[in-house]
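Reader: Could you go through this structure with me, slowly please?
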Amino acid sequence: MDISVVVPLYNEEESISELYSWIERVMQEHGFTFEVIFISDGSTDRSWPIICQLAEASNHVHGIKFRRNYGKSPALYCGFAEAQGDVVITMDADLQDSPDEIPELYRMIREDGYDLVSGYKQKRYDPLSKTLPTKLFNATARKVSGIKNLHDFNCGLKAYRQEVVKNIEVYGEMHRYIPYLAKNAGFGKIGEKVVQHQARKYGESKFMGWNRFVNGYLDLITLWFLSTFGKKPMHVFGFLGSLMFLIGFIAAFIIGADKLWCLANGIPQRLVTSSPYFYIALTMMIIGTQLFLTGFLGDLVSRSSTNRNDYLVEKKI
């Protein structure tokens, strides 16, 4: 099969049939063999009955229905698990992503050899309250991930080689960072294509609100830490703990040496415990010890993990 189109959705009853008709027309015009996998993420409208009707009318349509709303990442994870196409395309169900982009995305994967191609909505029809935080978010993501050529990490329109979606785990709200996940899994040829962004035709966006940007930054920090220190926590906690303990120990030593020098020379000196610096030094030594033990315990957990030696093998002969 040439292409699997994975479409996560939540309460998009107005646009599902129109989206599928558009996808089907594009596929038939270019002679692709294809499947469309709709994932209803706990929709409370008529989205699922419509998907069932489409599946009855066409053997190209498959559906997954969640009992409740889990989020976009779990929906993509389940869609990726079911996808059989050589190239997997993801798009949103709100008709803001154009299926007319599919042939070129497919070509970039198959002919240009990209592992992943991410859409870039250069001209957007979203309100300023959404576009401005998106620009800040993408700038931060480029800096942290090291993927300098992507301008829109969170664009729903992406294309992947099948090996990519079968070897990354999208969980929580990590769908924003699929290019980063792919890079960490060893799929380094990541490209970008400017795609058409259309104004929303039906209803309102289900992903508005500043909390999604706060959560996005927290997820980015988590992903950076896991990719950098996930299998070697002692390297960060042990280093910080040792550094803090050393600074605290040196400070305590200086306070003690100063007290002894004053006593030896008959200079009146207050008690060591009367100095606030003594307690600061002691606190640093205690925190340093705790950080070191945190790193040690983290290393033990990492070494005891069942997937501690899960490495992706591309080929065997």
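Reader: What phi does Gly-31 take, just after H1?
Author: Gly-31, which comes just after H1, takes a positive phi of about 70 degrees, and helices here are DSSP runs of H or I with at least four residues, strands being E runs of at least two, numbered from the N terminus. This is a predicted model, where local features need pLDDT of at least 70, side-chain atom pairs count only at pLDDT 80 or more, and totals for chains, interfaces and linings use all residues. Residues are numbered from 1 along each chain as its sequence is written, and side-chain values use heavy atoms, with hydrogens and water left out.
Reader: ok, and which residues of H1 are buried?
Author: They are Ile-16, Leu-19, Tyr-20, Trp-22, Ile-23, Val-26 and Met-27, where buried means under 20% relative accessible area, exposed over 50% and partly exposed in between, with a 1.4 Å probe and protein chains only. Seen down the axis of H1, these buried residues fall within an arc of 160 degrees, taken from the directions from the helix axis to the C-beta atoms, so they line one face of the helix.
Reader: What's on the face turned away from the buried side?
Author: That face of H1 carries the exposed residues Gln-28 and Glu-29.
Reader: And what covers the buried residues of H1?
Author: The cover, judged by contact (heavy atoms within 4.5 Å), includes strands S1 (3–9), S2 (34–40) and S3 (61–65), together with helices H2 (47–57) and H4 (102–110).
Reader: Does the length fit, or rather, how far apart are the end C-alpha atoms of H1?
Author: They are 22 Å apart, which agrees with the 21 Å that the 15 residues (16–30) should span at 1.5 Å a residue, the expected span being 1.5 Å times one less than the number of residues.
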